Amino acid sequence: MTGRSKWLCTVAGLAMLLGGATPALADSTTDLLLRLKEKGILNDEEYAQLLADHQRESAAAQAAPAAAPAAAPQATADSRTVRMSESGVGFEMGGVTLKFSGSVNGFYVHDNPDTASATTDVVGGLASVGGNNSAVRNGLLPGFLKVDVTTNQGGWDVGAHFGLYPGINSVTHVGGANSAGTPQALATSGIDARQTYLTFGRKGLGEFKIGRDIGLFGSDAILNDITLLSVGTTGGNVGPSNTSLGRIGIGYIYTDFQPQITYTTPKFGGLQIAAGIFQPLVTIGYDEVNKSPGFQAKVTYDLASGGFGGHFWASGITQKHNGINGAPSYTGNGFDVGGKLTFGPASLLGYYYNGSGLGTTGLFILSTDALGRKRDSDGFYVQGTMSFGKLMLGASYGESHLDLTQGEVNPTLLDTNSSYVGHLRYGLTSWVTLVGEYVHTKAEAHGVNSAESDTLAAGAILFF
């Protein structure tokens, strides 16, 4: 653009700006144009054109009625404003935050188990048996997509939460989304709708949760387990389902996702308490019509000082089982305690559980004998990790035990499931983590039977 062109733009802008102003300002514009012509900045043609434009705008402004003052912005204007949410992938509009979070994973898994025989049969054993096999599969987590819609209404923080957990492996769909795997053409994977719940609460009061979500008893055990982001014990690798076992049944009982009404207190320093009533679960293999809900509670305590941190928890569960058609009636109880210490890049975890009529692997599985007498169970795991920048090394060992009842003779029933895990993790990006793992699993019966398997896994998991 030439110097004269820049002047023309400036003068034209001044003329347009002042054209609708007061007569005094309009006269100033006329004087300005004349002076620019006299100084040679505007030639006769340019001066005439700009003067005509100015006079036309002035006449239109004088003919128009006075403009009303600009209206104050309405409260609803902000409801049309879209802002990025503070975390996750989502946005805020009109005071409502919509956030998406999720995960995808996949692993190559090679399993080397004992050959199946009469001496490797362990009822409730979790070590696989059979020939060498390989799979491309999900780990302990399937994929998931979680949607959270939250806002504040009348001083209450409220939210709706949905969690869908799709797997990558084909399943039979006989018995649910996490049914047995079926690695054949034209089959499909399952989508497990684990989470559907609402929340409401306020500062100083705490939060109520109603719907389906993870339980309280045993939840911290699995959420702090390094195999949560990998494979752990396969739970069957020839025809993999949507998930592996990780350390479920080999150090803790699976907390499960359950219908519930729970209340969580505000934090008092590092202390927090949660308690709730739960949909009663039947004993697998028995007929029951349970007359009262289950009850669970959990206490957690967190501390941090300098580079040192700690997370400690204890939880409990109780449920009465009302058998029908000759099935036994009994009450199952259990508790657990655990703690995780961190110092800089290192962490150390210890966990223990104990139950009566609680079962093993899952809640109320193998929890009684055929006469309805309660079996006792317990287990533990220890775990350590060390990080070197983006690289993390981890190891863990755990056991789960199931006792015979007094007078019970059952030589093939599980006595102990155990495993040790070597774990390698590398943070490729803020979303993607590469994982390698070795797992040795052993199942021992109350008689002479036992089985062992060795597993190698390598893959990646992504979180957003």
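**Exercise 1. The enclosed cavity**

Task: Determine how many cavities of 30 Å³ or more the predicted model contains, and establish which residues line the largest cavity.

Solution.
Step 1. The count for this predicted model comes to one cavity of 30 Å³ or more.
Step 2. The volume of the largest cavity is about 40 Å³.
Step 3. Its lining is made up of Gln258, Phe278, Gln279, Leu281, Gly294, Phe295, Gln296, Ile317, Gln319, Leu363 and Phe364.
Step 4. Sorted by class, these lining residues comprise six nonpolar and five polar residues, with no charged ones.
Step 5. Two strands, β11 (294-305) and β12 (308-321), each contribute at least two residues to the lining of the largest cavity. The greatest contribution, three residues, is that of β11.

**Exercise 2. The nonpolar cores**

Task: Identify which residues of the largest nonpolar core touch the most other members, and state what Leu363 touches.

Solution.
Step 1. The largest nonpolar core has 34 residues, and those touching the most other members are Ile222, Ile248, Tyr252, Tyr351, Leu358 and Leu363.
Step 2. At least two residues of this core come from each of β3 (96-113), α4 (219-223), β12, β14 (346-356) and β19 (450-463). With three residues, β14 gives the most to this core.
Step 3. Beyond residues up to four places away in sequence, Leu363 touches Phe217, Ile253, Tyr254, Thr255, Gln258, Leu281, Ile317 and Leu358. Leu363 also belongs to the lining of the largest cavity, as do Gln258, Leu281 and Ile317.
Step 4. A second, separate core has six residues, including Val122, Ala127, Leu414 and Ala443.

**Exercise 3. Gly332 in its strand**

Task: Decide whether Gly332 is buried or exposed, and list which residues are in contact with Gly332.

Solution.
Step 1. Gly332 is part of strand β13, which covers residues 330-343.
Step 2. The relative accessibility of Gly332 is 0%, so Gly332 counts as buried, the cut-off being under 20%.
Step 3. The C-alpha atom of Gly332 is separated by 5.6 Å from that of Thr318, and the two residues are 14 residues apart along the chain.
Step 4. With neighbours within four places in sequence set aside, the contacts of Gly332 are Ile317, Thr318, Gln319, His321, Ser356, Gly357 and Phe364. Of these, Ile317, Gln319 and Phe364 also appear in the lining of the largest cavity.

**Exercise 4. Ser347 and its polar partner**

Task: Find which side chain is joined to that of Ser347 by a polar contact, and describe what else Ser347 is in contact with.

Solution.
Step 1. Ser347 is located in strand β14.
Step 2. Its relative accessible area is 13%, and therefore Ser347 is buried.
Step 3. The side chains of Ser347 and Thr385 are joined by a polar contact of 2.4 Å.
Step 4. Apart from neighbours within four places in sequence, Ser347 has contacts with Lys340, Leu341, Thr342, Gln383, Gly384 and Thr385.

**Exercise 5. Gly181 in a loop**

Task: Establish where Gly181 is placed, and how its accessibility classifies Gly181, as buried or exposed.

Solution.
Step 1. Gly181 occupies the loop between β6 (156-166) and β7 (191-202).
Step 2. Its relative accessibility is 19%; Gly181 therefore counts as buried, since the limit is under 20%.
Step 3. Gly181 and Asn242 are 61 residues apart along the chain, with 7.6 Å between their C-alpha atoms.
Step 4. Outside its neighbours within four places in sequence, Gly181 is in contact with Ser170, Val171, Thr172, Gly239, Pro240 and Ser241.

**Exercise 6. The two pockets**

Task: Describe the largest pocket and the second largest pocket by volume, lining and class.

Solution.
Step 1. The largest pocket contains about 1,100 Å³ of space. Its lining has 44 residues, of which Asn178, Arg194, Thr243, Tyr254 and Asp256 are the closest to its centre.
Step 2. Each of β5 (144-153), β7, β8 (206-214), α4 and β9 (257-264) supplies at least two residues of the lining of the largest pocket. By class, this lining has 21 nonpolar, 16 polar and seven charged residues.
Step 3. The volume of the second largest pocket is about 430 Å³. Among its 22 lining residues, Lys209, Leu216, Thr264, Ala274 and Lys298 lie nearest its centre.
Step 4. Two or more residues of the lining of the second largest pocket come from each of β8, α4, β9, β10 (271-278) and β11. The largest share, six residues, is from β8.
Step 5. The lining of the second largest pocket divides into eight nonpolar, nine polar and five charged residues.

Notes
Residues are numbered from 1 along each chain as its sequence is written. This is a predicted model: local features need pLDDT of at least 70, side-chain atom pairs count only at pLDDT 80 or more; totals for chains, interfaces and linings use all residues. Side-chain values use heavy atoms; hydrogens and water are left out. On a 1 Å grid over the protein atoms alone, a cavity is a set of points where a 1.4 Å probe fits but cannot get out, and a pocket is an open set with protein on both sides within 12 Å along at least five of seven lines; lining residues have an atom within 4 Å of a point. Grid points are joined across faces, edges and corners, and a volume is the space filled by probe spheres set on the points. Helices (H or I, at least four residues) and strands (E, at least two) are DSSP runs, numbered from the N terminus. Ala, Val, Leu, Ile, Met, Phe, Trp, Tyr, Cys and Pro count as nonpolar, Asp, Glu, Lys and Arg as charged, and the others, Gly among them, as polar. A nonpolar core is a set of buried Ala, Val, Leu, Ile, Met, Phe, Trp, Tyr and Cys residues joined through side-chain atoms within 4.5 Å. Buried means under 20% relative accessible area, exposed over 50%, partly exposed in between (1.4 Å probe, protein chains only). Contact means heavy atoms within 4.5 Å. A polar contact is a pair of N or O atoms within 3.5 Å; within protein, one must be able to donate a hydrogen and the other to accept it, and residues adjacent in sequence count only if both atoms are side-chain atoms.
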